[in-house]
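Trainee: I am new to this structure and would like a close look at a single part of it, with enough of the surroundings to see where that part belongs. Could you take me through the strand pair that you would start with, and then step outwards from there?

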Amino acid sequence: QARVTLMNPVAEQLTGWTYADAAGRIIDEVFHIINKQTRKPVIIPVAAALKHGTVQDLANHTVLIHRNGRECDIADSCAPIHGVEGAVIGAVLVFRDVTGEHAIQQTLRASEERANFALQMTHTGGWDLNLADKKAQQTVEHARIFGYTDVPTDLRDRIEDVLFNRRPDATERLIEVASEAQGTMQAAGAD
């Protein structure tokens, strides 16, 4: 029947419903979710978990509407609860507020867009080598300047081949220099 039988304090805080008020109500009354872009209601995964007996995840960009109208981005999933004989006897809905994480991701995307725009405007390109995972990447402007057609592959393969296959001594020296630079920056109080 998809009725609320238990709520923890975090669920109460995020939904705006106390367990006393929510107990026995149909989940749709307490857990009101919409798609962030379309603003249309999202199907709560409880019914599918009960029907199919499998874990159900919500789509991305889901917003929970608090009882007072406040909104928060959430990530959630719903798992069936099986009885002793294996029959589905209920479901547990787990969700968390990811509003802060989404705001950080949006800020990071905007910052990357501004940085790329600045590189394009100044006709400056650059590349980066992550020594931890041995992956190289380049900016779009760098690819344009040097005529690479496959931005992620052309330069990356060449740098990785030279540094990690042909010149392993260069890799060791790069790691030493990077470590020294990091130590100097930390000593100076920079991150």
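Mentor: Before we begin, please keep in mind that this is a predicted model, so everything I describe is computed from predicted coordinates. The protein has eight helices and seven strands, and of its 191 residues 27% are buried. About 12,900 Å² of the protein is exposed, with carbon and sulfur atoms supplying 55% of that area. Among the contacts with a separation of 6 or more, 41% are between residues 24 or more positions apart.

The part I would look at closely is strand E4, residues 71-82, together with strand E5, residues 88-97. Both of these strands supply residues to the largest nonpolar core, which has 21 residues in total. Within that core, Ile27, Phe31, Leu64, Ile74 and Phe95 are the members that touch the most other members. Helix H1 (9-15), helix H3 (27-30) and helix H4 (46-52) are also contributors, and each of them, like E4 and E5, gives at least two residues. It is E4 that gives the most to this core, with three residues.

A useful way into the core is Phe31, whose contacts, leaving aside residues up to four places away in sequence, are Thr15, Ile44, Leu64, Ile74, Asp76, Leu93 and Phe95. If you find Ile74 and Asp76 on your display, you are looking at positions within the range of E4, 71-82, while Leu93 and Phe95 fall within the range of E5, 88-97. Phe31 therefore touches residues of both strands, since contact here means heavy atoms within 4.5 Å.

Two cysteines also fall within the range of E4 and deserve a look. Cys72 counts as buried because its relative accessibility is 9%, and Cys78 counts as buried because its relative accessibility is 0%, the cut-off for buried being under 20%. The structure nevertheless holds zero disulfides.

The two strands also take part in a feature of the surface. Ile81, Ile89, Val92 and Val94 make a nonpolar surface patch of about 350 Å², and E5 provides the largest share of this patch, with three residues. One of the patch residues, Val94, is found in strand E5 and, at 48% relative accessibility, is classed as partly exposed. E5 thus supplies residues to the core and also to the nonpolar patch.

Between the two strands there is a loop, and Ala87 has its place there. With a relative accessible area of 46%, Ala87 is partly exposed, and its contacts, not counting residues up to four places away in sequence, are Ile81 and His82. Ala87 and Gly53 are 34 residues apart in sequence, yet their C-alpha atoms are 8.3 Å apart in space.

Stepping outwards, we come to the charged pairs, for the structure holds five salt bridges. As a general matter, side chains of opposite charge can pair when their charged atoms come close. One of these bridges joins the side chains of Arg67 and Asp21, at 3.3 Å from N to O. Arg67 lies in the loop between strand E3 (62-65) and E4, whereas Asp21 belongs to helix H2 (residues 19-22), so this pair ties together parts that are 46 residues apart in sequence. Arg67, at 44% relative accessibility, is partly exposed, and Asp21, with a relative accessible area of 37%, is partly exposed as well.

A further salt bridge is formed by Glu101 and Arg96, whose closest N and O atoms are 2.7 Å apart. Glu101 is partly exposed at 37% relative accessibility, and Arg96 is partly exposed with a relative accessible area of 44%. Arg25 and Glu29 form another bridge, in which the closest N and O atoms are 2.9 Å apart. Here Arg25 counts as partly exposed at 32% relative accessibility, and Glu29 is partly exposed with a relative accessible area of 40%.

I would finish with a detail of the backbone, away from the strand pair. Arg39 is placed in the loop between strand E1 (32-35) and H4, and its phi is near 65 degrees, a positive value in a residue other than glycine. Most residues other than glycine have a negative phi. At 42% relative accessibility, Arg39 counts as partly exposed.

Key
Residues numbered from 1 in each chain as written. Predicted model: local features only at pLDDT ≥ 70, side-chain atom pairs only at ≥ 80, totals over all residues. Heavy atoms only, no water. Helix = DSSP H or I, 4+ residues; strand = E, 2+ residues; numbered from the N terminus. Buried < 20%, exposed > 50% of the residue type's maximum accessible area, 1.4 Å probe, protein only. Areas by Shrake-Rupley, 256 points an atom, 1.4 Å probe, with all protein chains shown as cover. Core = buried A, V, L, I, M, F, W, Y, C linked by side-chain atoms within 4.5 Å. Patch = residues over 30% accessible without salt bridge, like charges linked within 9 Å, V, L, I, M, F, W, Y side chains within 5 Å. Salt bridge = Lys/Arg side-chain N within 4 Å of Asp/Glu carboxyl O. Disulfide = S-S within 2.5 Å.
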